[in-house]
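Q: Could you go through this model with me, starting from the overall fold?

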Amino acid sequence: MKKFNFSLQKVLDYRKQLLEVERNKLKLINAKILDIEQKRMELNREYEIKNSQFEEDAKNGLQAMEYQTRQDYLTSLLEEDSKLLSLLKRIEKQQEEQTKVVIKSNQNVLILERLKGKKIEEYNKDILKDAEKMIDEFVNSKKFNK
């Protein structure tokens, strides 16, 4: 009997490649999210440190110009955090959408893999039937030759 050949193998391979591409896109998005979260943590740490220094120095007395400069700097840190938070939310939406794409691509691959599995089972059953048929013919030919 001929070797098993899945007629949709090229389609399956193509879908697997697409799935891998989509997974890589999702990995990049996840890396961006981690990077932004890390930047926000550093920014918040810097804000806490600078704010506590500012409060302590303000208690001891600061010149008006120095006071305003430090206050502006703290405000700029908060604005930067706000921008990062907004960016984070946009990228998280992209992550949700990309996750849906990956799930859909994965389902497309699984459908073809299940079909391939069924075709392999059918192929194996056909091989068994052919083998049984050959054995029966061989046994019958032996009986008649005696």
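**Fold, cores and one lysine**

Q: What share of the 146 residues in the protein is buried?
A: Buried residues account for 17% of the 146 residues. Please note that this is a predicted model.

Q: And the secondary structure, how many helices and strands are there?
A: The protein has 2 helices and 0 strands. Its radius of gyration is 34 Å, well over the 15 Å that the globule rule gives for 146 residues, so the protein is more spread out than a compact globule.

Q: What box do the C-alpha atoms fill?
A: Along the principal axes, the box is roughly 120 × 20 × 15 Å.

Q: Of the contacts with a separation of 6 or more, what part comes from residues 24 or more positions apart?
A: Such residues account for 87% of those contacts.

Q: Let us turn to the interior. Which residues make up the largest nonpolar core?
A: That core has 11 residues in all: Ile29, Ile33, Ile36, Leu43, Tyr47, Phe54, Leu74, Leu77, Leu84, Leu88 and Ile91. Helix H1 (9-60) and helix H2 (64-145) each supply at least two residues of this core.

Q: Which helix gives the most to this core?
A: H1 does, with 6 residues.

Q: Take Leu43 from that list. What does Leu43 touch, leaving out residues up to four places away in sequence?
A: On that basis, Leu43 is in contact with Leu77, Glu80, Asp81 and Leu84.

Q: Which residues does the second core include?
A: The second core is separate and has 6 residues, among them Leu12, Leu19, Val102 and Val109.

Q: Now for Lys16. Where does Lys16 lie?
A: Lys16 lies in helix H1. Apart from residues up to four places away in sequence, Lys16 touches Val109 and Glu113.

Q: Why is Lys16 classed as partly exposed?
A: Lys16 has a relative accessible area of 37%. The partly exposed class runs between the buried limit, under 20%, and the exposed limit, over 50%, so Lys16 falls within it.

Q: How far apart are Lys16 and Leu128 in sequence and in space?
A: They are separated by 112 residues in sequence and by 31 Å in space, C-alpha to C-alpha.

Q: Last topic, the surface and the charges. What area does the protein expose?
A: The protein exposes about 11,800 Å², and carbon and sulfur atoms supply 53% of this area.

Q: How many positive and negative charges are there?
A: There are 31 positive and 27 negative charges, and their mean positions are 13 Å apart.

Conventions
Residues numbered from 1 in each chain as written. Predicted model: local features only at pLDDT ≥ 70, side-chain atom pairs only at ≥ 80, totals over all residues. Heavy atoms only, no water. Helix = DSSP H or I, 4+ residues; strand = E, 2+ residues; numbered from the N terminus. Rg over C-alpha atoms; globule rule 2.2 N^0.38 Å. Buried < 20%, exposed > 50% of the residue type's maximum accessible area, 1.4 Å probe, protein only. Contact = heavy atoms within 4.5 Å. Areas by Shrake-Rupley, 256 points an atom, 1.4 Å probe, with all protein chains shown as cover. Lys, Arg positive; Asp, Glu negative; His and termini not counted. Charge placed at Lys NZ, Arg CZ, Asp CG, Glu CD. Core = buried A, V, L, I, M, F, W, Y, C linked by side-chain atoms within 4.5 Å.
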